[in-house]
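Let's take a walk through this model together. Have the sequence and the 3D view open as you read.

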Amino acid sequence: MANGTIPRRDFLAGAGVAGALATSLPTANADAAPPQAGNATPETWLVLTAEEQAFYSAVADTMIPADALSPSGTQCGIPVFIDRQLASAWGAGARMYRAGPFHQGLPEQGYQLPLTPRDYFAAGVQAANAWSSKTYGKTFDRLAPGQRIEALTAMEAGKAAFEDFDARAFFQRLLTITMEGFFSDPIYGGNRGKASWHMLGFPGLPATYAGKVEEYRNKRYVAEPQSIADFS
Amino acid sequence: MATRLKEIDAVVIGMGWAGGILARELTLAGLNVVGLERGPDRRPAQDFALPGIRDELRYQGRLELMGDNSLDTITFRNQPEQLALPIRRWSAFLPGEGVGGTGNHWGASHWRFQPDDFHLRSYLQARYGAKAVADTMTIQDWPVGYDELEPHYDRFDKVCGVSGRAGNIKGRKIEGGNVFEGPRSGEYPNRPMPPSEGGAMFAAASKSLGYHPFPLPFSAASAPYKNIYGVSMGACQECGFCTRTACEASAKASTVSTIMPALRQDPRFELRTRVFVSKLVYDKAAKRVTGVLYTDLKTGAEYEQPANIVVLSAFVFSNTHMLLHSGIGEPYDHSTGKGQVGRNYCYQFEAPAVAFFPDKELNPYMGSPGGGVVIDDFNNANFDHSGLGFVGGGYVIASSGNAPPIDGRSVPAGTPSWGSQWKSETVKWYYHAMHFNTQGSVYAHRDNYMDIDPTYRDALGRPLLRLTYNGTANDHAMSRHLLARLEGIIKAMGPAQYEVRPRPRNFTIVPYQSTHNSGGTVMGTDPGNSVVNRYLQAWDAHNLFIMGASTFPQQNGYNPTGTLGALALWSADKIKGSYLKNPGPLVHA
């Protein structure tokens, strides 16, 4: 670990694949596995491959690092959220016009690929890992924290040349789905413990504020956040 | 082969705002009416109920209430020489689907156009000279005036239970309302919503600059209300989820909340949902539509529904597409400028701003759009355009209650979009960011139009509608002027930081901007300048009435729904008062 890289098994621990498997593995880098939010149950996955689980977990923990404000992206369940979204009707391209012919089009014309979100993200993870391997000698999930930041920054700036895949567009979609996982209602598998709502001071439900606009004029309204699940 | 059904008095295509109004008005006149709706029924107690309705991902992210692009979409390009490509998911604009249509998920800004908007070309030429309207700017006067529409504006207010404060009652100007508005016959049905804290700050700053702030007219009941159809509405709960979401309190006005409860009780009305109308059956010689063809998406069966009166009240794109596909009227030919169907497509020109006030607690998720505060000082006829180099205008608003966590977070420009610093800045500013918008006119241009796409097809095999649109130099200049006025107000509010966001040069189909599309079947004085006459009756088929913003000759600097509703009621009145007694052209060309 002299060069500070994170072994794959630490990703598994960080992703919450705990229990017998994770506890049986030595944790070589304490920094890579911040305190757990108390979830000791193994994750179950609908569609993500092991490579994809590792990739999204590394992305989530880089975009949303654990600190005083919130647990890490993985601890908040973001890879699970992504798994559920890509397995959903939305992920399968429902309600999307998918007839050809296909052309690259202009940026003003929006998304023009035949790929469903699930297929698009699968291709994107492979392209990102291929680029990461070529650039750093290892897949994204195995990069050191500083290298992960560098790699995502390059993708965001359009400076990462993926083979046959638009890295910048992929980065934006990755950022969007990660933030959706962090901030959406916890019923979708992300935002565990309403971590982001606690962080922001967003009260969630029931959101019936008649009369409160006046009552809390220029005063902060404080309430324990509640999810859809709390009312179901 | 389509099964031919029994003839009905009237068939309504699309059960959104205009379709709902016509269905109610015609059944009240004793007609038997069938409402055809491509999407599902929307039943508030089932479909809009707490807690599930407060789901930002489902409604605002995954667009639960919007049209299904896999069934039908449009193609888009900026310029006539480009290749148009399909919109694969709605984004810049979000046409709704299901009973209530786009009216289920609107932000409920309820405006009237100003009197001079109705004779726009004449007004501009009289005030600024003949050259004020460029040759390429194909704007035209409406064939109906504000005074004629006013009683219908008033009735639509009373359908919706609009909350607001009048600024002009029968010519008497009232401080605190919109002093620029046309004369109203009376006060709004409900008192305005309380202003957000940001709105109150905006009001004070704009007043100090000599402007005239007032509460946004809001199409929701601020207190329980019974409307003119006898339907009870609840009071707005200020949930902060209005836009893109429906209302569990039946406070926000829509066909679902203000009309369907009455229609569902009326044996003269029959609702058929999940039926996809493919074509109007047109008898060109008789200048009549004999019925409509539709596919029942629940069975796959095709039907022909004959009708005495056909009301085409789908979205702007579907109205235009239906005429082109049915061979009714002359398609607009961009190369010659001839033909009417598809002409004068217009969008709405919005440009936002954000400002940060570290000492103010703004509770950004709380409140309603009606808590927004507006100035109308820079709309069309409300200021002098001499020497400015553009015509048109719009309103400026401090928005309210629209900052849910996925999409409503703002951080100062230059902040990273992820990582530790992003997180701390997000937390630092969430309670202290205030959002503004400018909502401007779009004046028709000969290069902005709709026609039939040569390549792509919908789920029924019909060629798609093709949209060719880009922002014009005039509209960009207008938008920059509005943003500069907004910037002056923001500076007077003394924020720690702020950012105004001018529109990009080219119109782009992502991200979301506005659902205010118009034109394609515009109204006018004769068949040489329009598709429908002043009563929204098609020149080429006297029993076909076309509803909605597709009939607007151009887009004014206000949200369209108030005028859309007033026009539907005006048309319904004429159908009931004249057409039923004497079916035939209501205006002779």
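We'll start with confidence, then look at where the chains meet, and finish with a sheet.

This is a predicted model, where local features need pLDDT of at least 70 and side-chain atom pairs count only at pLDDT 80 or more, while totals for chains, interfaces and linings use all residues. Residues are numbered from 1 along each chain as its sequence is written, with chains lettered from A and ligands numbered from 1 in the order in which they are written.

Chain A has a mean pLDDT (the predictor's confidence in each residue, from 0 to 100) of 87, with 83% of its residues at 70 or more. Residues 1-38 of chain A sit below 50, though this stretch has 62 contacts beyond near neighbours in sequence; a contact means C-beta atoms, placed from the backbone, within 7 Å. Where pLDDT is low, don't read the predicted coordinates in detail.

Now for the meeting of the chains: 53 residues of chain A are in contact with 58 residues of chain B. On the chain A side, helices H7 (167-183), H8 (195-200) and H9 (212-215) each supply at least two residues. (Helices, H or I, are DSSP runs of at least four residues and strands, E, of at least two, numbered from the N terminus.)

Over in chain B, four strands make an open, mixed sheet in the order S5-S4-S21-S20; strands pair if DSSP finds at least two bridges between them. S5 (85-86) and S20 (449-457) of chain B are the edges, each pairing on one side only. S4 (74-77) of chain B runs antiparallel to S5(B), over two bridges, and B:Phe76 has B:Leu85 as its bridge partner.

Note on methods:
Contact = placed C-beta atoms within 7 Å.
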